[in-house]
Structure formats: C-alpha cells, structure tokens
Amino acid sequence: GLPRAVRIWEVGPRDGLQNEATVVPTPVKAAFVSRLLDAGLPVVEATSFVHPRWVPQLADAEALMTDLLAELQEEAVGLPVLVPNEKGLDRALALGLRHVAVFGSATETFARRNLNRGLAEQWAMFAPVVGRARDAGVAVRGYLSMCFGDPWEGPVPVDQVVSAGLRLLELGVDELSLGDTIGVGTPGHVSALVRAFQRAGVGPERLALHFHDTYGQALANVLAGLRAGVTTFDASAGGLGGCPYAASATGNLATEDLVWMLTGLGIEHGVDLDRLVATSAWMAGHLGRPSPSAVVRALAGT
Ligand code: HMG
Ligand code: MG
C-alpha cells in the first residue's frame with residue numbers, strides 16, 4: 001500500500017531561484033520563504049552558502065538569513081541551507097543556523113563541474129563538514145546528484161549510486177536525497193534504485209527523492225517512490241528551478257503538482273494548495289514569466 005502521510009521538502013527558494021538569471025531582491029526572497037511556510041510546507045530550504053561567483057543569485061545568503069531570523073526567529077534557525085565545504089559551514093554556523101545540507105555527485109564529471117573536485121576529493125571535502133555539524137548538534141542532509149543519468153556520462157548504474165550514497169551515509173548524514181538532476185529517470189528505475197538501497201541496508205525511511213521534471217516523468221516517479229515506501233519528496237513551488245552546472249537540468253517537480261496528486265491519493269501533506277498557488281503566481285509575476293506547473297496554470301489562470 002501507499003504511505004499515510006508524506007513530508008514535502010520545499011526547495012524553491014534554493015534550487016528554484018539558483019538558476020534564475022535575473023537577481024531577485026532579498027526582501028522578495030524573504031517574503032517567498034515566509035509565504036511558503038505560511039502555506040504549511042514543513043521544510044523550506046532557504047539558500048546556499050556557496051561561492052558567490054559560482055551562484056550569483058544566492059550571493060545574498062547572509063542578508064536573507066539575517067532578515068528571516070529577525071522575522072521568524074526560532075523557525076528560521078531550522079531552515080536548511082546548502083554548504084559545500086567548511087567555509088560554507090562556518091558562514092551558516094556564524095548565523096546560528098541549525099540545519100545544513102552537503103551536496104555530492106554520483107559521477108566524476110558532475111563532481112568536477114559542480115564542486116571543482118573529483119569524487120575522492122568531494123568525500124574528503126564533506127567529511128569535516130558533516131563531522132563538525134554533527135558535533136555541534138546541527139542536522140545534516142546529504143544530497144546525491146546524477147542518480148539516474150548524467151549529461152556527460154550517460155546512464156548511471158544503480159550500483160554506482162548505491163556506493164556513493166553509502167559513502168555519504170557513512171560520513172554521518174541524517175538522510176539521503178537521491179537527485180534526478182536532469183530528469184531522465186522513469187518509474188521502474190526508481191523502484192530498482194530504492195530496492196537496491198534496501199538490499200544494502202538503507203531503508204526507504206532514510207531516503208528522499210528529488211525529481212526534476214525535464215522529461216515529464218516526475219509525478220510517475222513519485223508514485224513509484226511511494227509504492228517503494230519513500231515518504232520524503234523534494235519539490236519546488238511553481239516548478240521553478242534547475243542546476244546552473246548541468247545544462248539540461250530544468251525545473252524541479254512543481255510542489256503544486258505533487259500536492260494535487262497526494263490529495264487525490266488521500267495522502268496527508270499539510271499544505272494549503274490555494275495559498276501555495278497564490279505564492280507561485282506572485283513569484284511568477286516577479287520573474288516575469290508564467291509558472292511551468294500544470295496545476296498552477298489550471299488554478300491561477302496564469
Ligand atoms: P573552488 O574554486 O574550488 O574553491 O570552488 P576553493 O576551495 O579553491 O576556494 C577558492 C576561494 O573561494 C577562496 O577565496 C575561498 O575562501 C572561497 P580566496 O582565498 O581565493 O579569496 N570559498 C568560498 N566563499 C564563500 N563561500 C564558500 C566558499 N568556499 C570557498 N562556501 C566550491 C569550490 C565548492 C566553493 C564551488 O565549486 C562552489 O561554490 N560550488 C557550488 C555549486 C552549486 O551551488 N551548485 C548548485 C547546487 S547543487 C544542485 O543544485 C543539485 C541538487 O539540487 C540535487 C540535484 O538536483 O541533483 C542539490
Ligand atoms: Mg536539484
């Protein structure tokens with residue numbers, strides 16, 4: 001059967017905005033995060049503490065988190081932020097933040113493109129980040145990119161993904177988010193990957209699935225994940241997003257599309273769809289183009 005409830009991990013302010021060429025003003029980003037929390041999303045990933053030259057859109061991470069801490073206090077402390085290395089962790093800890101995420105690659109080529117490090121060096125870079133975060137009692141998520149296919153290396157074998165995922169879990173991350181960065185995965189592949197992790201001793205309760213909707217497969221892939229027992233799904237309000245270091249990565253699965261399907265299946269998610277759609281329509285206005293989400297277009301008439 002299907003799970004009774006799921007946790008939606010909202011990535012719009014981070015994965016969604018990181019690929020936008022036009023820089024969104026900090027107060028608009030802060031309002032976006034607040035509105036997503038008001039819509040009932042239990043986890044809103046707010047920004048990244050990466051090198052500002054690599055992701056110029058998120059160069060205001062300190063300013064944004066300072067605004068959110070002033071407005072939301074304790075609630076802002078728990079918002080997850082991406083940190084690639086110790087420098088990023090230091091920046092997050094300096095603000096008192098208590099939830100971070102490292103982001104690795106299952107493939108050598110994407111590790112080099114995204115982190116300027118090979119696979120071995122990426123693990124070496126993450127080890128002190130995860131170790132220090134855990135010692136400080138800070139929660140750590142581990143992302144793994146290119147879990148289904150890679151634009152340079154082609155299809156990525158399930159065994160290679162499981163080995164990379166185990167490396168991240170051995171470092172001590174609390175949960176592992178498996179990313180279909182370029183959206184090429186299909187449901188049978190999702191089931192096979194979740195089963196392979198189970199065989200390696202990692203149950204679906206420790207996994208999250210992170211789908212980009214490039215090939216229109218994201219919702220079907222979520223259903224395969226639900227059937228395999230996964231209960232955390234990443235999604236981006238209005239379907240914003242992509243990865244600036246993977247040319248073929250387009251928007252994430254739209255949170256609205258996910259919410260619509262979960263509601264239809266009778267699975268609890270806690271999100272107020274009307275508030276969420278209003279938020280995405282408002283953000284589409286700021287970005288100057290309609291949301292790619294089918295549900296946003298149907299309900300907001302954008
Ligand atoms: P590097 O150039 O190798 O950095 O970049 P470095 O360690 O050699 O340091 C060079 C300079 O950068 C130094 O300054 C450091 O202090 C500074 P200098 O001494 O020359 O003045 N520096 C930093 N400054 C601010 N914040 C930092 C930081 N680190 C070093 N954290 C680095 C290596 C990892 C920094 C770089 O490659 C980087 O920032 N990459 C981020 C790429 C990124 O954000 N990609 C998008 C997120 S991943 C994604 O979207 C996929 C996901 O959604 C899942 C999926 O879909 O699959 C998660
Ligand atoms: Mg992503």
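Here are some worked exercises on this predicted model, going from the whole fold down to single residues.

**Exercise 1. Overall build**

Task: Work out how many helices and strands the protein has, and why its radius of gyration agrees with that of a compact globule.

Solution:
- Start with the count: there are 13 helices and 11 strands.
- Next, take the chain length. For 302 residues, a compact globule would have a radius of gyration near 19 Å, and the protein comes in at 18 Å, so the two agree.
- You can also look at the extents: the C-alpha trace spans about 45 × 45 × 35 Å along its principal axes.
- Now for the inside. Buried residues make up 49% of the 302.
- Finally, check how far along the chain the contacts reach. Of the contacts with a separation of 6 or more, 71% are between residues 24 or more positions apart.

**Exercise 2. Tracing the sheet**

Task: Find the order of the strands in the open sheet, and say which strands stand at its edges.

Solution:
- Walk across the sheet and you get the order 2-1-11-10-9-6-5-4-3, which takes in 9 strands with parallel pairing.
- Strand 2 and strand 3 (47–48) each have a single partner strand, so one side of each has no neighbour in the sheet and they stand at the edges.
- A bit of background helps here: strands of a sheet pair through backbone hydrogen bonds, either parallel or antiparallel.
- Now zoom in on strand 1 (residues 7–10). On one hand, strand 1 pairs with strand 11 (residues 232–235) in the parallel sense over 4 bridges.
- Within that pairing, Ile8 has Phe233 as its bridge partner, and Glu10 has Ala235.
- On the other hand, 2 bridges link strand 1 to strand 2 (residues 43–44), again in parallel. Here Trp9 is partnered by Val43.

**Exercise 3. A strand inside the sheet**

Task: Decide whether strand 6 is largely enclosed or left open, and list what it pairs with.

Solution:
- Count the buried residues: 6 of the 7 in strand 6 qualify, so the rest of the structure largely encloses this strand.
- Look at one partner. Strand 5 runs parallel to strand 6, joined by 7 bridges, and Phe103 finds its bridge partner in Tyr143 of strand 6.
- Then look at another. Strand 9 (residues 175–180) is also parallel to strand 6, with 4 bridges between them.
- Tyr143 turns up again here, standing opposite Ser177 of strand 9.

**Exercise 4. One face of a helix**

Task: Work out where the buried residues of helix 6 lie around its axis, and what they pack against.

Solution:
- List the buried residues of helix 6: Phe110, Ala111, Asn114 and Leu115.
- Look down the axis. These buried residues fall within an arc of 105°, so they line one face of the helix.
- See what that face meets: the buried residues pack against strand 5 (99–105), helix 7 (119–135), strand 6 and strand 7 (149–150).
- Step just past the end of helix 6, and you reach Asn116, which has a positive phi of about 60°.

**Exercise 5. Around the ligand**

Task: Find which residues come nearest to ligand 1, and which elements give two or more residues to the shell around it.

Solution:
- The shell holds 24 residues, and Val50, Gly88, Ser145, Gly179 and Thr181 come nearest.
- Helix 5 (86–94), helix 6 (108–115) and strand 6 (139–145) are the elements that give two or more residues to this shell.
- Sort the shell by type and you get 10 nonpolar, 12 polar and 2 charged residues.

**Exercise 6. Two residues, buried or not**

Task: Classify Ala127 and Gly225 as buried, partly exposed or exposed.

Solution:
- Ala127 sits in helix 7. Ala127 has 16 C-beta neighbours inside 10 Å, so it counts as partly exposed.
- Gly225 belongs to helix 10 (residues 218–227). Gly225 has 26 C-beta neighbours inside 10 Å, so it counts as buried.
- Who surrounds Gly225? Leaving out residues up to four places away in sequence, Gly225 touches Val190, Val194, Leu209, Val230 and Phe233.
- Compare chain separation with distance in space. Gly225 and Pro187 are 38 residues apart along the chain, with 7.9 Å between their C-alpha atoms.
- For Ala127 and Val11, the separation is 116 residues along the chain and 24 Å between C-alpha atoms.

Terms used: Residues numbered from 1 in each chain as written. Chains lettered and ligands numbered in written order. Predicted model: local features only at pLDDT ≥ 70, side-chain atom pairs only at ≥ 80, totals over all residues. Near = placed C-beta within 6 Å. Nonpolar A, V, L, I, M, F, W, Y, C, P; charged D, E, K, R; others polar. Rg over C-alpha atoms; globule rule 2.2 N^0.38 Å. Buried ≥ 20, exposed ≤ 12 C-beta atoms within 10 Å, placed from the backbone. Contact = placed C-beta atoms within 7 Å. Pairing = 2+ DSSP bridges. Arc of directions from axis to C-beta.
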